[in-house]
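These are my notebook entries on one protein chain, written down in the order in which I looked things up.

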Amino acid sequence: MIFGSYLWSVPITYYTDDMPAGQRSVIQWLTGRSKVIQLGQSAVKWVKVNVQQTGYYRVNYTVQMWQALSVQLQQDHRVFSPRDRAGLIADAFAFSRANQLDLSIALETTQYLHNEFHYVPWTAALDDLIYIGNMLVSSPVFGQFKAFMCHQLEPVANSLGWKFNDTDTHIERRLRGELLHVGWTYDCMDQGQETMVKKAACIFHDFMHGNISVHPDLHSAVYGAGVANGGVEEWDFIWNVFQTTDVANEKRACLRALGETRQPWLLSRYLQYSIDETKIRPQDTVSVVAYVSRNPLGRQLAWNFVRTQWDALFAKYSSGSFSFGRMISYVADYFNTEFEEQEFQSFFSSRYGGSGAMEVAHAAERIRSNVKWLGDNEMLMDTWLTQFFASIDKRQTF
């Protein structure tokens, strides 16, 4: 690895499909600019480089090798450790984002996820799958993508269920909370053939009326679903919880949930609350804008809020506050049309961003990247998803 005028020695670890499980960590040192490693005499189906993700580098493979690794994940993903499974997914999407690997190849590494019960690989996958969902949310392809997400999520989320047991591991608790929250946002189905959002809303209703308490790991899922599935009464209830709780994690869950309402006027009220220091601390204003921006119904509202309140926000945050830059970033994170790009450029062409000036430039670049991503991949996603469900239908007929 070259860094400035230095040449670093890098440990390259790997194993192949024909190595016994107990001997899976061969190490070779990369001491020059390149190195050829001989894998042995026998035919190798696949090789996994960077064992347990201990090396600080990405690994790209040939298309044929990526496909072989994806097939192995589908046949028996436990051949790879959770960290290695997460590494394969993360590497594939990283190279896809860098235009060094076709997105369809990266997506193949996620086809096995309906059998994945470990938190780490799911986290790696959700980082990119949620980005894809946000890019497609206004596209005709989004319906198929929602169906894909639910196909992958439902078996795992429903197996974990909504109840916590004393025997649950930390990993199981984290995974349960994460998948159930994502599941209801995509209108996935619960075990009883009702939507997850309705199941969560029932739990919320019991909590709201004092009948039960909600496990801390389910705060985000249940509070968010209750607010999203309800109206002003549910929103006001969580607002009161936010105001009265002394638990930091619960306060964060409330801030997130309040931004998940499907009532635009409540989102507007929430944004107005964010600049009233008697209601919300100044340091939480950015979080409110971020959570409203993540809501498809709130993105334009958040953008309009930042523009109309620019002078007040600039006066309060622009002098040496990293929060101001993050606010600019959050409102622009999922802009992906040329119209939104032009609006953003037009607004900031005559305004100095203060401490957020660098973030304005980064956000503009991110919007250009989003526009390009959608142009390059919208039809690819349509084709890939159609083929994915066709392959499932074909398997089910045999």
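Is Phe145 buried or exposed? I looked up its relative accessible area, which is 0%, so I noted Phe145 as buried, the cut-off being under 20%. I kept in mind throughout that this is a predicted model.

Next I turned to Phe148, which is also buried, with a relative accessible area of 1%. I found that Phe145 and Phe148 are three residues apart in helix 5 (residues 142–160), which means that about one helical turn separates them. Their ring centres lie 6.2 Å apart with the planes at 40°, so I recorded the pair as tilted. Following the ring pairs further, I came to a cluster that includes Phe145 and Phe148 together with Phe142, Tyr186, Trp384, Phe388 and Phe389.

I then searched the whole structure and obtained 29 aromatic pairs. One of them is formed by Tyr15 and Phe80, a tilted pair with 6.4 Å from centre to centre and 40° between the planes. This pair links distant parts of the chain, since Tyr15 sits in strand 3 (residues 10–16) and Phe80 in the loop between helix 1 (63–76) and helix 2 (82–97), 65 residues apart. I noted both Tyr15 and Phe80 as buried.

Last, I looked at the chain as a whole, which has 17 helices and five strands, and in which 49% of the 398 residues count as buried. Its radius of gyration is 23 Å, which agrees with the value near 21 Å for a compact globule of 398 residues. Among contacts with a separation of 6 or more, I found that 66% come from residues 24 or more positions apart.

Terms used: Residues are numbered from 1 along each chain as its sequence is written. This is a predicted model: local features need pLDDT of at least 70, side-chain atom pairs count only at pLDDT 80 or more; totals for chains, interfaces and linings use all residues. Side-chain values use heavy atoms; hydrogens and water are left out. Helices (H or I, at least four residues) and strands (E, at least two) are DSSP runs, numbered from the N terminus. The radius of gyration is taken over C-alpha atoms; the globule rule is 2.2 Å times the number of residues to the power 0.38. Buried means under 20% relative accessible area, exposed over 50%, partly exposed in between (1.4 Å probe, protein chains only). Contact means heavy atoms within 4.5 Å. Rings of Phe, Tyr and Trp (its six-membered ring) pair if their centres lie within 6.5 Å; planes under 30 degrees apart count as stacked, over 60 as edge-to-face and the rest as tilted.
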